[in-house]
Amino acid sequence: MFTTIMTVPKPACKRGDVVLVLFPNSNLRTAKTRPALIVQANDLQTGLSQVIIAMISSQMSRANHPSRVTIIQASPEGLQSGLLSDSVVMADNLATVVDSAMHRVIGSVAMEEVDSALRHTLGLRVAARNANL
């Protein structure tokens, strides 16, 4: 008798993809399947099967902060994101998750505003603007 083991292949993910992922809660003991945004550079080649993501929340009360980006579902960017409701990308809530925690890619978003939010969260300056500092 033969046993067939079926594995689900890791989704081909890239920076800017919106994925469904098992996102860890801040207590690191529990997790919830939710959308998240891949913020890690493509082809980082760390040798580790993991990726850095930003949480996406549908709690619009979390919007209006420099570390967060609002996505309106009915907008062209919202439709491309694959999100089902207005949402907030929380660049101040990052996690590193193993590739196997990602279920599937549901869409993508442009990274310009997210990059600005990440710079604010991490205290990074824009090099060209602050070259003389």
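Two residues are in contact when heavy atoms of theirs lie within 4.5 Å. The structure described here is a predicted model, and contact is the basis for several of the results that follow.

The chain contains 2 helices and 6 strands. Along the sequence these elements follow the pattern β-β-β-β-α-β-β-α. Of its 133 residues, 34% count as buried. The chain exposes about 8,700 Å², and carbon and sulfur atoms supply 53% of this area. Among contacts between residues at least 6 apart in sequence, 65% join residues at least 24 apart.

Helix α2 spans residues 112-122, and within it V114, A117 and L118 are buried. Seen down the helix axis, the buried residues of α2 fall within an arc of 100°, so they line one face of the helix. An α-helix has 3.6 residues a turn, so residues three or four places apart point the same way. The spacing of V114, A117 and L118, the buried residues of α2, can be read against that rule. E112 and E113 are exposed, and they lie on the other side of α2. The buried residues of the helix pack against three strands: β2 (31-38), β4 (68-71) and β5 (87-98). Just after α2 comes G123, which takes a positive phi of about 70°.

Helix α2 also takes part in enclosing an internal space. The count comes to 1 cavity of 30 Å³ or more, and about 30 Å³ of space lies in the largest cavity. The residues that line the largest cavity are V69, I71, E77, V89, V109, A110, E113 and V114. Two elements, β4 and α2, give two or more residues to this lining. By character, the lining of the largest cavity divides into 6 nonpolar residues, no polar residues and 2 charged residues. Two residues of α2 already described appear in this lining, namely E113 and V114. Of these, V114 is buried, whereas E113 is exposed.

The second largest pocket holds about 200 Å³ of space. It is lined by 14 residues, of which P35, S58, L83, S85 and S87 are the closest to its centre. The elements that give two or more residues to the lining of this pocket are β2 and β3 (50-57). Strand β2 supplies the largest share of the lining, 4 residues. The lining of the second largest pocket divides into 6 nonpolar, 6 polar and 2 charged residues. Strand β2 therefore has a part in two of the features described, since the buried residues of α2 pack against β2 and the largest share of the pocket lining comes from β2.

Strand β2 also holds T33. At 45% relative accessibility, T33 counts as partly exposed, because the partly exposed class runs between the 20% and 50% cut-offs. Leaving aside neighbours within four places in sequence, T33 is in contact with V21, L22 and H103. T33 and M102 are 69 residues apart in sequence, yet their C-alpha atoms are 9.0 Å apart in space.

K14 lies in the segment before β1 (17-24). With a relative accessibility of 47%, K14 also counts as partly exposed. Beyond its neighbours within four places in sequence, K14 is in contact with I38 and N42. The C-alpha atoms of K14 and Q40 are separated by 8.1 Å, and these two residues are 26 apart along the chain.

Backbone angles in two loops complete the description. Most residues other than glycine have a negative phi. L28, a residue other than glycine, has a positive phi near 60°. L28 lies in the loop between β1 and β2, and its relative accessible area of 69% makes it exposed. D43, which is not a glycine either, has a positive phi of about 55°. This residue, D43, is placed in the loop between β2 and β3. At 69% relative accessibility, D43 counts as exposed, because exposed means over 50%.

Note on methods
Residues are numbered from 1 along each chain as its sequence is written. This is a predicted model: local features need pLDDT of at least 70, side-chain atom pairs count only at pLDDT 80 or more; totals for chains, interfaces and linings use all residues. Side-chain values use heavy atoms; hydrogens and water are left out. Buried means under 20% relative accessible area, exposed over 50%, partly exposed in between (1.4 Å probe, protein chains only). The arc is that of the directions from the helix axis to the C-beta atoms. On a 1 Å grid over the protein atoms alone, a cavity is a set of points where a 1.4 Å probe fits but cannot get out, and a pocket is an open set with protein on both sides within 12 Å along at least five of seven lines; lining residues have an atom within 4 Å of a point. Grid points are joined across faces, edges and corners, and a volume is the space filled by probe spheres set on the points. Ala, Val, Leu, Ile, Met, Phe, Trp, Tyr, Cys and Pro count as nonpolar, Asp, Glu, Lys and Arg as charged, and the others, Gly among them, as polar. Accessible areas come from the Shrake-Rupley method with a 1.4 Å probe; for residues, only the protein chains shown count as cover.
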